[in-house]
Amino acid sequence: MNYATIKKNDIANGPGIRVSLFVSGCRHHCKNCFNQEAWDFDYGVPFTQETIDEILTALSPSYVAGLSLLGGEPFEPENQEGLLSLARQFRQRFPEKNLWCYTGFSFQKDLLGDRIGNPGTVRELLSYFDVLVDGKFIEAKKDPSLLFRGSSNQNIIDVKKSLAQDQLVLLKGTWKRAMGSGNIDE
């Protein structure tokens with residue numbers, strides 16, 4: 001697995017100040033994607049334990065709210081094992097911080113439907129996430145006023161509640177106490 005970049009003070013991809021990892025490799029090829037260079041699986045640099053250590057160190061300050069995983073595509077089969085190792089270490093070291101992931105795949109149809117990569121790896125990876133933003137970016141549904149997503153077809157999912165209730169639970173309203181500060185209203 002390769003990664004394109006690490007942003008250590010990101011405020012665009014989840015609530016609060018975050019560390020964001022942009023992985024390489026994506027087969028969705030959404031029209032007018034903001035990160036087309038990361039479609040190539042060979043783009044960037046190799047993801048190693050040293051990369052994980054760098055990310056965990058960047059997450060250490062108390063003002064950092066959490067970690068966001070983006071791409072490319074985090075759930076491409078080539079990226080799942082590397083991200084699973086990161087997610088395990090993140091949860092162990094920072095149980096109080098939140099973990100967001102952005103994917104072009106559908107949570108229900110693709111990820112829970114066992115259509116992408118190793119189903120056991122996907123399920124374990126999901127178990128570490130607090131929030132998943134799912135769905136391909138669709139240019140015709142682009143709306144710059146939306147918080148934490150690019151197009152209106154994308155869902156902001158409360159992963160823990162969705163897995164516990166075995167149904168899709170969208171994250172809506174104010175989540176100030178649970179996730180930092182912010183408001184998600186449609």
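Confidence in this predicted model averages a pLDDT of 89 over the protein, and 92% of the residues score at least 70. Among the elements, helix H1 (residues 49-59) has the highest mean pLDDT, 98, whereas helix H6 (residues 176-179) has the lowest, 42. Over residues 174-183 the pLDDT is below 50, yet this stretch has 20 contacts in the model beyond near neighbours in sequence. A word of caution fits here: where pLDDT is low, the predicted coordinates should not be read in detail.

Let us turn to the helix packing. Helix H2 (residues 77-93) takes part in two packings, one with H1 and one with helix H4 (residues 119-128). The table sets them out.

| Helix pair | Axis distance | Crossing angle | Residue classes in the contact |
|---|---|---|---|
| H1 and H2 | within 10 Å | roughly 35° | six nonpolar, five polar, two charged |
| H2 and H4 | 9 Å | about 35° | six nonpolar, two polar, four charged |

What is the handedness of the crossing of H1 and H2? That crossing is right-handed. On the H1 side, the contact is made by Gln49, Ile52, Asp53, Ile55, Leu56, Thr57 and Leu59; H2 brings Gly82, Ser85, Leu86, Gln89, Phe90 and Arg93 to it.

H2 passes H4, by contrast, in a left-handed crossing. Here H2 contributes Gln80, Glu81, Leu83, Leu84, Ala87, Arg88 and Arg91, and these residues meet Thr121, Val122, Glu124, Leu125 and Tyr128 of H4.

Now for the open space. The largest pocket holds about 750 Å³. Its lining is made up of 32 residues, and if you would like to find the centre in the structure, look for Phe34, Tyr102, Phe137, Gly150 and Gln154, which lie nearest to it. Which classes of residue form the lining of the largest pocket? There are 15 nonpolar, eleven polar and six charged residues.

Two spots in the backbone are worth a look as well. The peptide bond from Gly71 to Gly72 is cis, with omega near 20°. Gly72 belongs to the loop between strand S4 (64-70) and H2, the helix that packs with H1 and with H4. The other spot is Phe148, which has a positive phi of about 65° although it is not a glycine. You will find Phe148 in the loop that runs between strand S6 (131-134) and strand S7 (155-158).

Conventions. Residues numbered from 1 in each chain as written. Predicted model: local features only at pLDDT ≥ 70, side-chain atom pairs only at ≥ 80, totals over all residues. Heavy atoms only, no water. pLDDT = per-residue confidence, 0-100. Contact = heavy atoms within 4.5 Å. 1 Å grid on protein atoms, 1.4 Å probe; cavity = no way out; pocket = protein on both sides within 12 Å on 5 of 7 lines; lining within 4 Å. Points joined across faces, edges and corners; volume = space filled by probe spheres on them. Nonpolar A, V, L, I, M, F, W, Y, C, P; charged D, E, K, R; others polar. Axes fitted to C-alpha atoms, helices over the stretch in contact; angles between N-to-C directions. Left-handed = near helix turned anticlockwise from the far one by under 90°.
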